[in-house]
Amino acid sequence: MDSTSPEVSASVDSVAEGLKNQSLNSDDRGDGGSSVEHQAKKKLEDLKWDNSFVRELPGDPLTDIIPREVLHACYSNVLPSVEVDSPQLVAWSESVANLLDLDPQEFQRPDFPLLFSGASSLVGVLPYAQCYGGHQFGMWAGQLGDGRAITLGEILNSRSERWELQLKGAGKTPYSRSADGLAVLRSSVREFLCSEAMHSLGIPTTRALCLLTTGTLVTRDMFYDGNPKEEPGAIICRVAQSFLRFGSYQIHTSRGKDDYKIVRVLADYAIRHHFPHIENMSSSQSLSFSTDDKDSSVIDLTLNKYAAWTVEVAERTASLIARWQGVGFTHGVLNTDNMSILGLTIDYGPFGFLDAFDPSFTPNTTDLPGRRYCFANQPDIGLWNIAQFASTLSAAGLINDKEANYAMERYGDKFMDDYQSIMTKKLGLPKYNKQLIGKLLNNMAVDKVDYTNFFRLLSNVKADPSIPEKELLVPLKAVLLDIGKERKEAWVSWVKTYIEELAGSGISDEERKASMDAVNPKYILRNYLCQSAIDAAEQGDFGEVRRLLKIMERPYDEQPGMEKYARLPPAWAYRPGVRMLSCSS
């Protein structure tokens with residue numbers, strides 16, 4: 001993508017100013033800081049529920065859960081129906097409880113597992129499943145929807161923030177198709193832990209309040225090989241300011257002109273509740289931009305709130321994917337129904353963090369033939385998905401072609417700006433150096449260097465050009481394994497150039513190490529760590545799930561005594577179902 005920015009009379013980033021006030025980034029994550037902790041804590045009965053999605057949007061007039069096409073509606077009312085037998089609380093997030101002003105003592109209630117499995121009803125909720133469609137692996141799939149996720153409603157906290165609570169694995173809905181509406185412990189542990197790990201890494205994400213076992217068994221064919229088996233069932237309570245996706249809009253446009261009005265109503269809803277700064281824009285903000293096309297036309301975002309909204313969705317998406325690339329996260333299933341309009345990481349299926357650096361890595365066995373969603377392709381897939389979203393809004397008459405093209409242009413610019421900034425910080429450089437970073441990534445791919453551990457150790461390199469050549473690789477010896485003479489020379493050459501770049505920065509080694517360690521995590525949620533926790537949990541031991549949750553809350557800290565959680569994957573981690581997974585969950 002071209003990193004050249006268009007001429008602007010005011011930065012389009014000002015459109016996204018409201019982002020920092022919505023607890024979606026690392027600077028204001030609502031993660032239990034003093035402003036949160038000093039609020040009065042509430043019992044479950046005292047939570048302030050709102051149901052704006054149900055109240056303000058068109059719903060399904062039918063109330064059955066028979067799989068069917070749901071027309072002219074954004075949701076279907078549906079109650080949790082999962083069968084439970086002595087459900088148990090596996091783990092819960094104190095950070096998310098703080099977001100909701102929920103008293104930690106509430107998790108000790110005997111009826112808590114019944115309430116958050118859906119077996120008993122919370123006071124004030126109006127449960128529903130959302131209707132949406134999507135492109136899956138590049139092909140339009142038609143209606144999809146919440147096939148096993150049931151939203152309870154929205155909680156308004158003491159800071160006037162709106163948080164949706166959703167039970168995943170709570171039973172069938174009209175969108176379940178031929179599936180059972182349930183979830184297994186294996187996939188639920190992964191989503192619970194990764195939701196919270198990503199948040200602690202500073203990456204926008206849906207959250208997870210709690211994880212429970214249902215006490216019943218669920219049949220799954222994990223490898224799609226005709227050998228199904230019974231696994232422990234589970235339910236995760238997911239939390240986000242909104243679960244609206246690109247596909248939430250696509251489904252209505254796909255059904256023709258009679259449903260275009262629903263696209264507009266749904267866009268108005270999103271802007272009103274989640275992008276209020278766009279609703280309040282005025283022409284005095286002078287948000288006019290020159291495009292890169294031949295006509296060099298001017299786009300004035302203050303004249304069309306839907307254009308401003310599309311641009312912000314594009315920018316949030318670009319920023320999100322740039323952050324993924326920075327920590328080596330591969331989503332695995334970047335279908336348009338898995339793309340959040342808030343720029344959140346959503347729907348944790350067969351995800352994976354890079355171990356050995358491999359740009360073609362995909363954690364999804366279904367993606368293996370073409371590797372559409374591999375690590376290196378994520379930025380371009382993000383742009384492709386934005387193009388589908390913009391096309392949807394254009395077809396519904398909310399934006400014109402020039403505004404749609406401008407949103408895609410801004411995606412490219414925003415991604416490059418953020419990615420270059422992230423990589424510059426990861427290397428502790430005074431400024432972006434494309435050649436140096438490109439050569440590094442090439443070296444890492446050739447020698448299959450561990451992505452996370454390399455960058456963590458890189459901060460130990462001293463900016464001293466007089467270091468003898470034979471000592472240059474000493475700080476990196478733990479990650480430069482089994483390299484021959486030729487490859488050693490390539491690495492020595494790179495480190496020499498790197499040190500020369502650092503030496504001119506005027507920053508002390510100690511200061512640079514502190515800043516680099518603050519952006520290069522020591523601990524990431526490697527798939528083998530998840531699997532160890534899953535194996536224990538399936539035997540009724542939830543200690544490792546809780547331990548991993550605590551470790552991943554502080555990924556940038558050294559955490560003495562926890563070093564084993566930063567180790568390279570053992571040999572067993574490469575067996576089927578650990579490093580790579582199917583979508584079966």
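The legends below accompany an overview and several close-up views of a predicted model.

**View 1. The whole chain, with its 17 helices and 14 strands.** The radius of gyration of the chain is 24 Å, close to the 25 Å that the globule rule gives for 585 residues, so the chain is as compact as a globular protein of that length. Taken along the principal axes, the C-alpha atoms fill a box of roughly 75 × 65 × 50 Å, and buried residues make up 59% of the 585 residues. Among contacts with a separation of 6 or more, 75% join residues that are 24 or more positions apart. The accessible surface comes to about 22,900 Å², and carbon and sulfur atoms account for 50% of that surface. The side chains include 62 positive and 77 negative ones, and the centres of these two sets lie 3 Å apart.

**View 2. Lys168 in strand β8 and its polar contact with Glu191.** Strand β8 spans residues 162-168 and contains Lys168, whose relative accessibility is 13%; because this is under the 20% limit, Lys168 counts as buried. The side chain of Lys168 is joined to that of Glu191 by a polar contact of 2.7 Å. When residues up to four places away in sequence are not counted, Lys168 touches Arg148, Ala149, Ala183, Glu191, Ala234, Ile235, Ile236 and Arg238. One of these residues, Ile236, is the subject of the next view.

**View 3. Ile236 in strand β10 and the residues that it touches.** Ile236 lies in strand β10, which covers residues 229-240, and has a relative accessible area of 1%, so Ile236 is buried. With residues up to four places away in sequence not counted, Ile236 touches Gln166, Leu167 and Lys168, together with Ser188, Glu191, Phe192, Ala208, Cys210 and Leu211. Glu191 is thus among the residues touched by Ile236, and Glu191 also makes the polar contact with the side chain of Lys168. Gly59 is separated from Ile236 by 177 residues in sequence, and the two C-alpha atoms are 25 Å apart in space.

**View 4. Helix α13, a mostly covered helix of residues 451-458.** Seven of the eight residues of α13 are buried, namely Tyr451, Thr452, Asn453, Phe454, Phe455, Arg456 and Leu458. The cover over these buried residues includes α9 (305-327), α11 (401-426), α12 (434-447), α14 (485-503) and α15 (509-517). At the N-terminal end of α13, Asp450 acts as a cap, with a side-chain oxygen that lies 3.4 Å from the backbone nitrogen of Thr452. Thr452 is itself one of the buried residues of the helix.

**View 5. Phe137, a residue with positive phi in the loop between β5 and β6.** Phe137 has a positive phi of about 55 degrees although it is not a glycine. The loop that holds Phe137 runs between β5 (133-136) and β6 (139-143). With a relative accessible area of 29%, Phe137 is partly exposed.

**View 6. Gln559, a residue with positive phi in the segment after α17.** The phi of Gln559 is positive, at about 50 degrees, although this residue is not a glycine. Gln559 is found in the segment that follows α17 (543-552). The relative accessibility of Gln559 is 6%, and Gln559 therefore counts as buried, whereas Phe137 of the preceding view is partly exposed.

Conventions:
Residues are numbered from 1 along each chain as its sequence is written. This is a predicted model: local features need pLDDT of at least 70, side-chain atom pairs count only at pLDDT 80 or more; totals for chains, interfaces and linings use all residues. Side-chain values use heavy atoms; hydrogens and water are left out. Helices (H or I, at least four residues) and strands (E, at least two) are DSSP runs, numbered from the N terminus. The radius of gyration is taken over C-alpha atoms; the globule rule is 2.2 Å times the number of residues to the power 0.38. Buried means under 20% relative accessible area, exposed over 50%, partly exposed in between (1.4 Å probe, protein chains only). Contact means heavy atoms within 4.5 Å. Accessible areas come from the Shrake-Rupley method with a 1.4 Å probe; for residues, only the protein chains shown count as cover. Lys and Arg count as positive and Asp and Glu as negative; His and the chain ends are not counted. The place of a charge is taken as NZ of Lys, CZ of Arg, CG of Asp or CD of Glu. A polar contact is a pair of N or O atoms within 3.5 Å; within protein, one must be able to donate a hydrogen and the other to accept it, and residues adjacent in sequence count only if both atoms are side-chain atoms.
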